[in-house]
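Thanks for coming. I have one structure to go through, and I will keep to a few places in it.

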Amino acid sequence: MSLRRPAKDQPENFEFNSSSLEAANTIVSKYPKGKQQSAVMALLYIAQRQNNNWIPLAAMKYIAKFLDMPYIKVYEVATFYTMYNLSPVGKYFIQVCTTTPCMIRGANHLVEACKEKISENECELSNDKSCSWMEVECLGACVNAPMMQINDDYYEDLDKDKTLKILEKILKGETPKPGSYRGRVNNEPENNRKTLMDYKNA
Amino acid sequence: MLKLKVNNIDIEVEEGLTVLQACEKAGVEIPRFCYHEKLSIAGNCRMCLVEMEKSPKPVASCAMPAADGMNIKTNTVFVEKARKGVMEFLLANHPLDCPVCDQGGECDLQDQSMFYGVDKSRFKENKRAVPEKNMGPLIKTQMTRCIHCTRCVRFATEVAGVPEIGAIGRGEDMQITTYLEQSMQSELSANVVDLCPVGALTSKPYVFEARPWELKKTESIDVMDAIGSNIRVDTYDWEVKRILPIINEDINEEWISDKTRYACDGLLHQRLDTPFIKYNGKFEKASWNEVYKIIKSKFENTSKEKICGFVGDLTNMETSYIFKEFFDRTLDVDNYESRSDNRYLNLSERENYLFNSSINGIEDSDLIFLIGTNPRYEATILNARIRKSYLNNETKIISLNELGDLTYPYESLDGQTQTLKEIFDGKHKISNLISNATKPMIILGESFLNLNSSKYIFRKIKNFLLENNKINNDWNSLNILSCDAASVGNYDLKLINRDKNLLKDLKDHKFEIVYLVGQDNLNFEKKDEFIIYQGSHGDKGAELADIILPGSAYTEQDGYFTNLEGKIQKAYKASYPPGESKEDWLIINEIAEFMNNRKLFNDKDELESSMFNYLNLQKEKSSVSKNIEENEDADQFKSETLKIKIKDYYFSNVIARSSKTMIECNNSKLNFKSTGTEG
């Protein structure tokens, strides 16, 4: 794993907007008084969503103040979890699963597609700075392999052509339909089920 | 009590102890890196593994609570194998640079690898390298050596109260860092150097100076503040190379302040090493005989009322005592004074100038009221105790003034004497807080004693505390926080002129001869006075002088110091005075001999026993003369604002002022960027 370091170019200020603030207050209110620091992970995630999928240092300082805890403690948490991006990743953040099941089903073709469409290297912004991609470990959708995650949505049962189409849409600023790209509902078997046929509601 | 077995020895320990502590009670030493008595338990180095019966795996003894019936083994093959495994992992990324590492010779990792290290490495991959961090002028970092015990992180968060150090990027690439890569904003920061079990954090001013086995080690007492921290002075030849803390649970626990530790390079600079005489505004070197002759003729040709003497803030008690004897017996006049300002002092009872609740008592206290003091800068170690008390029992802390960050939360009032009057008249909400508290502490600083109406308020405070039974045999709430190492000792020796205001007379130029012993803090314009300065450093006092007598610093002579609690402690001679300079008491003794052909004391032992006789006599006297109240309406209350007189923390005495390290510390606090052109 590469070193996780904050980006060089940092915005000066950060503040929660009204919807983030509301969400943050709801989460803080779940914890007993004086234990508000427990909300730090959720708040970091809220900040990340608000700020195009990455957390600037200013946001960490803001959260430290918001929760009345030392800044270095927030920094420690943010540098540990890979879910927090410490440098800009673009509005669309593409994570391609390359762990064994996906790899066997051809995840490398997805990676090729990303290299062609977005950027030569992972964690590098596309030309229009709207998206970036990276290889990640198992995202827990092995049954629909190969797959990738774009922001909060899973795109499953892909191959190179389908991936290229999805990426084209993204680069145009559209949001493609998430889910299986071979017409499956969730992770049902293809061509109807073959087991548990006797049970109606199985 | 819990009964358990350690290596088949039966022991009983109290509940709440860990297995590691139980093993220590049984006399078994457990290797450790992350565990430290004064810090919280982390349990992350795994070096303290022991075998526990019925446990299939070894247990980390530092984090395992001792329980009844445990059977612990520490000397089995199983344990040794486990520890060897841990050591191999620790050494996997640790560089083999002991020959160029300052920790070499006193390194925990080095010592323990002698027992548990394997002579070769199975680690074929690249070693981890971590960039150096900037932690200010005191701490040198070499983070590749770090084994991530997190002692420094815990120290900064818990003891120092500045949560600025942390472990980022946990996992394989974990690094310890301060977030802004700047010095820690704490006066206790350099203690992390002692805490670091490897050479990751080492002392910057001491870098590549000496090896621990080359140094002569002398146990002594610190004089940078009135706490009297116990220190170890390490010397190489004449030079004091470094100062380290010694454990004294009643005073400094295990910590010393940065000033105590690093002002020692001031002992090498600006030293007076030969007697000087001023001719036409220029100092010229002289011999001891010459200066003694001049002093003799000056003293003999001046009427005794025109002679006065002042002792300074770092003077040891022997010197103060012989100085007093010199005035009393040789000159036959009592124009001596140890204070450098007009602070109020009531010598009728010893409790009137002591820190009566004691430093240990801070931990039992439930209410602390600071009046005219900023303990963070005036007594750093004491401030760490207040923080400890706050953390352990949520002690409420109130300050009359707003003091900035004290490393713990406190309530601040408006700083008016009027408020003080209301509180100790019982008309303020804090009055009830004090009278309802079981063990309150009122801490009075020197800034308070310098007030015009300090006498009035002091008596009010004392009466209030007596009425509410807060001054009794078990607990005394009245605390005076002295700032200087010599203060309390001088009060005990009654080196005070109670009839005359010598400082005012001095400023009115009523004296012809002024004899200063280490006193650099008198603000007065020199006119026609003949000034004799005796001291160790060329500072403000020496500039004014007509004759300079080179004396010794606290590391160069044996000397007693009484700390602010009234504990008398001896500082031992670690080095010898430079050049022709002599021990301070000796100089005064020789002047006396020169004048009367008779020494005041035959030797140091006689001086010491005479001094202790005097102190014991004073103790008996004060116990007899109790309860004599001074004239009640001698002075009136005046409404005024109490301002904390800020003594520059890093330049509070001559040694600190001569120290280059202290200048660097000060600059780093001011964020001063060195340009290289400032000379």
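I will start with chain A as a whole and then move to two spots in chain B.

This is a predicted model, so please keep that in mind throughout. Chain A has seven helices and five strands. In sequence order they run α-α-α-α-β-α-α-β-β-β-α-β. The C-alpha trace of chain A spans about 55 × 45 × 30 Å along its principal axes. Of its 202 residues, 29% are buried. Taking contacts in chain A between residues at least 6 apart in sequence, 62% join residues at least 24 apart.

Now chain B, beginning with B:Leu109, which sits in helix 3, residues 108-116. Is B:Leu109 buried or exposed? It counts as buried, because it has 24 C-beta neighbours inside 10 Å, and the cut-off for buried is 20 or more. Leaving out residues up to four places away in sequence, B:Leu109 touches B:Leu90, B:His94, B:Ile147, B:Pro197 and B:Val198. B:Asn596 is 487 residues from B:Leu109 in sequence, and their C-alpha atoms are 62 Å apart.

The second spot is strand 11 of chain B, residues 230-236. Five of its seven residues are buried, so the strand is largely enclosed by the rest of the structure. Strand 11 pairs with strand 10, residues 216-221, in the antiparallel sense over six bridges; there, B:Asp234 stands opposite B:Lys217. Strand 11 also pairs with strand 12, residues 239-245, again antiparallel and over six bridges. In that pairing B:Ile231 has B:Pro245 as its bridge partner. Strands 11 and 12 form a hairpin with two residues between them, where B:Asp237 takes a positive phi near 55 degrees.

Note on methods:
Residues are numbered from 1 along each chain as its sequence is written. Chains are lettered from A and ligands numbered from 1 in the order in which they are written. This is a predicted model: local features need pLDDT of at least 70, side-chain atom pairs count only at pLDDT 80 or more; totals for chains, interfaces and linings use all residues. Helices (H or I, at least four residues) and strands (E, at least two) are DSSP runs, numbered from the N terminus. A residue is buried if 20 or more other C-beta atoms lie within 10 Å of its own, exposed if 12 or fewer, and partly exposed in between; C-beta atoms are placed from the backbone. Two residues are in contact if their C-beta atoms, placed from the backbone, lie within 7 Å. Two strands pair if DSSP finds at least two bridges between them.
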